[in-house]
Amino acid sequence: MPSTPSVPSVPAAPAAGISADRPTALHWVERWDRQQEEFLPERDALFDALIDVVEESAGRPDPLVVDLGCGLGSIGARLLRRLPDATVVSVDADPLLIALGRAAYGDLPGLRFVRADLRRPDWVEGLGLDRPADAVVSGTALHWLDPSVLTSVYTATAELLRPGGVLVNCDELERDQDAAPVLGRLDRALLTQEKARRLGAGHGEGWYDWWERVLAEPAFAPAVAERNRLGYDGEHHSDLSPGIDVHRTALREAGFAEVGTLWQRGEVQLLCAVTASPDGPATPTRPHTHNNAPVQRP
């Protein structure tokens with residue numbers, strides 16, 4: 001997701017579009033996905049795990065899912081391939097990314113794009129949900145938010161979710177370097193070595209390359225003009241909430257009942273939070289053994 005500058009004071013404008021057909025939009029989506037894999041080499045496995053969590057926790061074939069900082073809608077499109085009866089509301093502030101997502105996936109049943117800025121307190125109002133969400137998800141987006149804003153977003157998210165609903169955030173989240181410097185170094189090394197194995201000596205189109213080229217595409221001029229009006233530049237700026245402890249604290253302060261990591265490789269992890277259920281914690285359907293052997297009964 002591109003950087004999030006300070007909230008502009010200019011009035012809101014109608015959603016800007018692009019004059020591009022679906023194959024052209026899908027071409028840019030494919031290029032987006034590839035450049036994302038440059039810094040997140042296990043992105044496919046991470047997104048699969050995220051969808052596993054949604055599927056397992058929803059308890060129904062038609063979950064309602066909200067995707068925060070959706071970019072071009074990659075998570076929503078992938079989730080609907082697995083759960084075709086789901087509804088995914090994909091939210092992002094960037095007019096160009098939203099326009100490209102709509103052009104690429106606009107005919108996909110169950111996927112709806114909403115342009116909203118998570119830093120504004122009214123971002124929830126435009127979602128148009130007809131019931132509490134079963135899951136709220138996010139991929140490599142929420143680290144851009146200031147910690148105080150992050151807590152507000154997580155608090156609003158907890159209110160969107162049904163009892164027992166889940167928030168699933170996949171991102172690069174650093175551990176406290178002062179408390180565990182060696183583990184922090186090893187986290188980064190695992191990610192660096194995995195990138196080296198997957199990319200080898202060659203690199204494809206990177207983040208800055210993608211933005212330079214997409215912003216120069218004449219067919220996208222209306223959306224580019226709108227993002228320029230808003231002060232977006234596509235540059236990487238400081239990660240405002242990069243630490244895992246920041247997210248854990250914000251989730252606890254937001255009132256989530258359970259917070260923990262479900263999947264991890266180095267700094268990259270799937271952080272999950274669960275809202276309190278009036279029925280209490282779920283009971284496992286069967287006793288667990290590490291090798292799935294039958295449980296010995298007395």
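1. Salt bridges make a good way in. This is a predicted model, and a search of the whole structure turns up 23 salt bridges. The next points look at a few of them.

2. Start in helix α1, residues 22–39, with arginine 34. The side chain of arginine 34 meets that of glutamate 30 in a salt bridge, 2.4 Å from N to O. These two residues sit four apart in helix α1, so about one helical turn separates them. Arginine 34 also forms a salt bridge with glutamate 37, where the closest N and O atoms are 2.6 Å apart. That second pair is three residues apart in helix α1, again about one turn of the helix. The spacing makes sense because an α-helix has 3.6 residues a turn, so residues three or four places apart point the same way.

3. How open are the first two of these side chains? Glutamate 30 has a relative accessible area of 41%, and arginine 34 has one of 35%. Values from 20% to 50% count as partly exposed, so glutamate 30 falls in that class, and so does arginine 34.

4. Another salt bridge joins the side chains of arginine 213 and glutamate 205, at 2.9 Å from N to O. Arginine 213 is partly exposed, with 43% relative accessibility, whereas glutamate 205 is buried, with a relative accessible area of 17%. Elsewhere, Glu42, Glu194, Arg197 and Arg265 are joined into one network by salt bridges that share partners.

5. Glutamate 205 comes up again beside tryptophan 210. Setting aside neighbours within four places in sequence, tryptophan 210 is in contact with Glu205, Trp28, Arg31, Trp32, Gln35, Leu72, Leu97 and Leu100. Tryptophan 210 also belongs to the largest nonpolar core, which has 50 residues; Leu50, Leu96, Leu100, Trp210 and Phe220 are the members that touch the most others. A second, separate core holds 31 residues, including Tyr154, Leu161, Leu167 and Ala273. In soluble globular proteins, nonpolar side chains tend to be buried together.

6. Leu50 leads us to helix α2, residues 43–58. Which residues of α2 are buried? They are Arg43, Leu46, Phe47, Ala49, Leu50, Ile51, Val53, Val54 and Ala58. The length of the helix can be checked too: at 1.5 Å a residue, its 16 residues should span 22 Å, and the end C-alpha atoms are 22 Å apart, which agrees. Just after α2, glycine 59 takes a positive phi of about 70 degrees.

7. Now for the strands. Strand β5 covers residues 161–172, and ten of its twelve residues are buried, so the rest of the structure largely encloses it. With strand β4, residues 133–139, β5 pairs in the parallel sense over six bridges. Valine 137 stands opposite valine 168 of β5. Together with helix α5, residues 147–160, strands β4 and β5 make a right-handed β-α-β unit.

8. What is the sense of the pairing between β5 and strand β7, residues 268–274? These two strands run antiparallel, joined by seven bridges. Within β7, glutamine 269 is the bridge partner of aspartate 171.

Terms used
Residues numbered from 1 in each chain as written. Predicted model: local features only at pLDDT ≥ 70, side-chain atom pairs only at ≥ 80, totals over all residues. Heavy atoms only, no water. Core = buried A, V, L, I, M, F, W, Y, C linked by side-chain atoms within 4.5 Å. Buried < 20%, exposed > 50% of the residue type's maximum accessible area, 1.4 Å probe, protein only. Contact = heavy atoms within 4.5 Å. Pairing = 2+ DSSP bridges. Right-handed = clockwise from strand over helix to strand, strands pointing away. Expected span 1.5 Å × (residues − 1). Salt bridge = Lys/Arg side-chain N within 4 Å of Asp/Glu carboxyl O.
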